[in-house]
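Here is a walk through a structure, going from the whole chain down to single residues. Have the sequence and the 3D view open while you read.

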2 protein chains.
Amino acid sequence: MEVYHLYSGGKDSSLAAYILERLGYEVKLVTVNFGVLDSWKYARETAQSLGFEHEVFFLDRKILEKATEMCINDKHPNNAIQFIHERALEEIARREDVERVSDGTRRDDRVPLLDQRKTRSLEDRFNVQYIRPLLGLGYKTIRELTDRLFIIELKESEKLEKSDYEVEIRYLLREKGIDPLTIFPKRHLQSRVLGWKKEKAHL
Amino acid sequence: MEVYHLYSGGKDSSLAAYILERLGYEVKLVTVNFGVLDSWKYARETAQSLGFEHEVFFLDRKILEKATEMCINDKHPNNAIQFIHERALEEIARREDVERVSDGTRRDDRVPLLDQRKTRSLEDRFNVQYIRPLLGLGYKTIRELTDRLFIIELKESEKLEKSDYEVEIRYLLREKGIDPLTIFPKRHLQSRVLGWKKEKAHL
């Protein structure tokens, strides 16, 4: 039972990967990148530290460019993040070898989040199972589990090495002379998973 | 990390209990009963066979009577099942010793299912975490996992020994001279979990 799991190296996608593994899935972590920055390397580091298989999946730079335009038009990143996530799921789901895709989207997320119609459409169009282990978990539950499982680094948003979609969008915005802080909400602290708190065998 | 898990002995609530245990929770199965029938005993049997702690939680018979009236007025059980499930979650959540409640509700369920507003209301009113391990899983994923984990008995709906809310509603309907088949959809086959397919240690 192989599952291809969209992975950023953050707490949510790491917890979802852990749950999938505990359920007996052979978990293959997939980090999306557009070839603009090598920001995928942080997710790879975390994946290796956690002992998961990891691949970088390069998507067409045009998707990132379109998302950046959406950010500029909307003056807000939500639609752009949703757009990239849907394309990423589709591009993985359409691969011949893929029967199951998953991600770390949560109950309390606004974006990215597929509604029922889009969820079923993804499953039907590509004949895959779409599995979201965190969808039934609230933020308190997720915090309790991740605090228990992972060594987590907290850093100021701008300084943190991350592999999420935001990093490459920010880069393209700067290239166009636009300050990302006019688009992305200011979050003082963001987190990154560094490794397991205990040896996995003892969890 | 104790969690009180609403449990019918069926595939969904058994799978959800398994996931919670794999995540490190101390799982306490709770089967709701209204004192009309001893239908809770089937859930207890399954709970024991799977090796989980189990309690029967008796709720006020008035809740069942109100649900039965709803069935009669609606000529359909959906609102009644939803009503009982919400009361069951609330009554467990309000107990002093309870910090986490859970159930086996799934992505593709219509009822019982709490929407975002009701989910947050339950958590806020009773200061609990409400955990739904199956909410991000589709029916194919659930079937694949339950087939792998459990020995399952398939029987005609009317003949199956079950512990869900429906059993006691059906009894009250018959007491009132109403044929439950005029209210509940005819399902030819229903399932019940009998035990683990392999020793748990090997899963």
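What follows covers the overall build of chain A, a helix and its packing, two residues with their surroundings, some backbone details and a cavity.

Before anything else, keep in mind that this is a predicted model.

**Chain A as a whole**

Let's start with the layout. Chain A has seven helices and seven strands. Going along the sequence, they come in the pattern β-α-β-α-β-α-α-β-α-β-α-β-α-β. The radius of gyration of chain A is 16 Å, close to the 17 Å that the globule rule gives for 203 residues, so chain A is as compact as a globular protein of that length. Along the principal axes, its C-alpha atoms fit a box of roughly 50 × 40 × 30 Å.

How much of chain A is buried? Of its 203 residues, 55% count as buried. Contacts in chain A with a separation of 6 or more come mostly from afar in sequence: 76% of them are between residues 24 or more positions apart. As for the surface, chain A exposes about 9300 Å², and carbon and sulfur atoms supply 47% of that area.

**Val3(A) and strand S1**

Now zoom in on the start of the chain. Val3(A) sits in strand S1, which spans residues 2-6 of chain A. Is Val3(A) buried or exposed? Its relative accessibility is 0%, so Val3(A) counts as buried; the cut-off for buried is under 20%.

Which residues does Val3(A) touch, once those up to four places away in sequence are set aside? There is a run made up of Tyr25(A), Glu26(A), Val27(A) and Lys28(A), another of Arg100(A), Val101(A) and Ser102(A), and then Leu20(A) and Ile131(A). If you want a distance to check on screen, take Val3(A) and Val30(A): they are 27 residues apart in sequence, and their C-alpha atoms are 10.0 Å apart in space.

**Helix H7**

S1 turns up again when you look at helix H7, residues 165-175 of chain A. The buried residues of this helix are Tyr165(A), Glu166(A), Glu168(A), Ile169(A), Arg170(A), Leu172(A) and Leu173(A). What do they pack against? Their partners in chain A are S1, strand S2 (26-33), helix H3 (61-74) and helix H4 (78-93). After H7(A) comes Gly177(A), with a positive phi near 80 degrees.

**Gly104(A) and its loop**

Another spot to visit is the loop between S4 and H5 of chain A, where you'll find Gly104(A). With a relative accessible area of 13%, Gly104(A) is buried. Leaving aside neighbours within four places in sequence, Gly104(A) contacts His5(A), Asp12(A), Ser13(A), Ala16(A), Asp109(A) and Leu134(A). Glu65(A) is another matter: 39 residues along the chain from Gly104(A), its C-alpha atom is 24 Å from that of the glycine.

**Backbone details**

Pro112(A) also belongs to the loop between strand S4 (100-102) and helix H5 (116-126) of chain A. In chain B, Pro112(B) lies in the loop between strand S4 (100-102) and helix H5 (116-126). The table puts the cis peptide bonds leading into these prolines side by side.

| Cis peptide bond | Omega |
|---|---|
| Val111(A) to Pro112(A) | near -10 degrees |
| Val111(B) to Pro112(B) | about -10 degrees |

Positive phi values also show up in residues other than glycine. Lys75(A) has a phi of about 55 degrees, and it lies in the loop between H3 and H4 of chain A. At 62% relative accessibility, Lys75(A) counts as exposed. Over in chain B, Asn127(B) has a phi near 50 degrees, and its place is in the loop between H5 and strand S5 (129-131). Asn127(B) counts as exposed too, at 56% relative accessibility.

**The cavity**

Last stop: the empty space inside. How many cavities of 30 Å³ or more does the structure hold? It holds one. The largest cavity has a volume of about 70 Å³. Chain A lines it with Ile19(A), Leu23(A), Pro133(A) and Leu137(A), and chain B with Ile19(B), Leu20(B), Leu23(B), Ile131(B), Pro133(B) and Leu137(B). By class, that lining has ten nonpolar residues, no polar ones and no charged ones.

Methods:
Residues numbered from 1 in each chain as written. Chains lettered and ligands numbered in written order. Predicted model: local features only at pLDDT ≥ 70, side-chain atom pairs only at ≥ 80, totals over all residues. Heavy atoms only, no water. 1 Å grid on protein atoms, 1.4 Å probe; cavity = no way out; pocket = protein on both sides within 12 Å on 5 of 7 lines; lining within 4 Å. Points joined across faces, edges and corners; volume = space filled by probe spheres on them. Nonpolar A, V, L, I, M, F, W, Y, C, P; charged D, E, K, R; others polar. Helix = DSSP H or I, 4+ residues; strand = E, 2+ residues; numbered from the N terminus. Rg over C-alpha atoms; globule rule 2.2 N^0.38 Å. Buried < 20%, exposed > 50% of the residue type's maximum accessible area, 1.4 Å probe, protein only. Contact = heavy atoms within 4.5 Å. Areas by Shrake-Rupley, 256 points an atom, 1.4 Å probe, with all protein chains shown as cover.
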